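Please look through the sequence and the three-dimensional structure shown below before reading on. The report then takes up a few parts of the chain, with each term explained where it comes in.

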Amino acid sequence: MKKLLYILIAVAALYTACGEEEEPINPNAGVPNAPGDSTTVGGSNDPDSGKTPADSTIAGGDDTPTETEEPSADARLEIYQKIYAASDIYIEGDFIIIKTNGRPDHKSPYYMETEWASELHEEYDGDNDKFRLNPNRIGEFNYTFKIPLNPQEATRHQATPMGAIGVAINGVPFYNQYAAPDEPLTNEINSFDQYNGHPTGNSNYHYHIEPLYLTESKGKDVLLGFLLDGFPVYGPTEDGKLVSDNDLDEYHGHTHTTSDYPDGIYHYHITSNDPYINGNGYFGTPGTFSQ
Ligand SMILES: [Zn+2]
Ligand SMILES: [Zn+2]
């Protein structure tokens, strides 16, 4: 009996030793050149952005016929190409990297006195009598949106932060439904230009609500962009009907097939009432945004 106990203790000790032994190996194991790396988990907390272009070929090469439920990386990439204003879109490990300059491709009063004014400045001609131009102007940036390639519902849903929560197909960031933490857009709305965007004090132009230039030029029921969790954002109508908040869950989306995702996908809809784009946080796990 005593002997058995000793054996158990010895076995337990052995397991602990193995566990500890793995610790020092792990941090050194993040060698990005190893061909298998792009398939390993933990890519989300891998701060290494210096991956070589070869990584995208590896990720693409992984789509052997074994994967049947998930669309291939190439198919995903093709949908992301709808972000027509992106200067670069590519796969890096388990993520899609989207680069944009964040400047709207439509006219705006906020182009006043900028280097693009002669081409893109236009006085306000929207229908909000309370419109007042804020003192900010539009600037240009090097935005990088890093978005999960295969978005999944998160086990713990994170609140959206202030600042960019996603990207519209014209490269302009989506912001959430607050002017400041827990402060509604009530007053901020009066500084939205005729296309429903405006710049921050740091010249970052953005949309909190329906990007009218896109819904007017592309359609009210089309894919308008993506949130940082990788789930697509659609316009305010669907099958010829206005989508109401009652059709959507607390994150402001629902799941069904769309023209871009014939197998169905969770997606957000932009509606005309608060919370507009996203409700109570991300449905999936967000990637990152940097500028
Ligand atoms: Zn704003
Ligand atoms: Zn829908």
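What follows is a short report on the overall make-up of the chain, its core, some of its strands and its loops.

This is a predicted model, in which local features need pLDDT of at least 70 and side-chain atom pairs count only at pLDDT 80 or more, while totals for chains, interfaces and linings use all residues. Residues are numbered from 1 along each chain as its sequence is written, and chains are lettered from A and ligands numbered from 1 in the order in which they are written.

**The chain as a whole**

The chain contains five helices and 16 strands; helices (H or I, at least four residues) and strands (E, at least two) are DSSP runs, numbered from the N terminus. Of its 291 residues, 34% are buried, where buried means that 20 or more other C-beta atoms lie within 10 Å of the residue's own, exposed means 12 or fewer, and partly exposed lies in between, with C-beta atoms placed from the backbone. Two residues are in contact if their C-beta atoms, placed from the backbone, lie within 7 Å. Among the contacts with a separation of 6 or more, 64% are between residues 24 or more positions apart.

**Core and strands**

A nonpolar core is a set of buried Ala, Val, Leu, Ile, Met, Phe, Trp, Tyr and Cys residues joined through C-beta atoms within 7 Å. The largest one here has 46 residues, and those with the most contacts inside it are Ile96, Ile98, Ala168, Phe174, Leu224, Leu227 and Val233. In soluble globular proteins, nonpolar side chains tend to be buried together. Leaving aside neighbours within four places in sequence, Ala168 is in contact with Phe174, Tyr207, Pro211, Leu214, Leu224 and Gly225.

Strand β10 (residues 223-227) is mostly covered, since five of its five residues are buried. Two strands pair if DSSP finds at least two bridges between them. Strand β10 runs antiparallel to β4 (residues 166-168), with three bridges joining the two, and Phe226 in β10 is the bridge partner of Val167. Three bridges also join β10 to β11 (residues 232-234), again in an antiparallel arrangement, and here Gly225 stands opposite Val233. The hairpin of β10 and β11 has four residues between the strands, and in it Gly230 takes a positive phi near 95°.

**One helix**

In helix α3 (residues 73-80), the buried residues are Ala73, Arg76 and Tyr80. Seen down the axis of α3, these residues fall within an arc of 60°, so they line one face of the helix; the arc is that of the directions from the helix axis to the C-beta atoms.

**Loops**

Is Asn278, in the loop between β15 (265-269) and β16 (288-290), buried or exposed? Asn278 is buried, because 25 other C-beta atoms lie within 10 Å. Not counting residues up to four places away in sequence, Asn278 touches Thr160, Ile165, Asn176, Leu227, Tyr251, His252 and Tyr268. The C-alpha atoms of Asn278 and Gln177 are separated by 7.4 Å, although the two residues are 101 residues apart along the chain. The loop between β15 and β16 also holds Pro275, which is joined to Asp274 by a cis peptide bond with omega about 15°.

Two residues other than glycine with a positive phi are set out here.

| Residue | Phi | Loop | C-beta neighbours within 10 Å |
|---|---|---|---|
| Ser203 | near 75° | between β8 (197-199) and β9 (205-207) | 16, partly exposed |
| Asp239 | near 50° | between β12 (237-238) and β13 (241-242) | 7, exposed |
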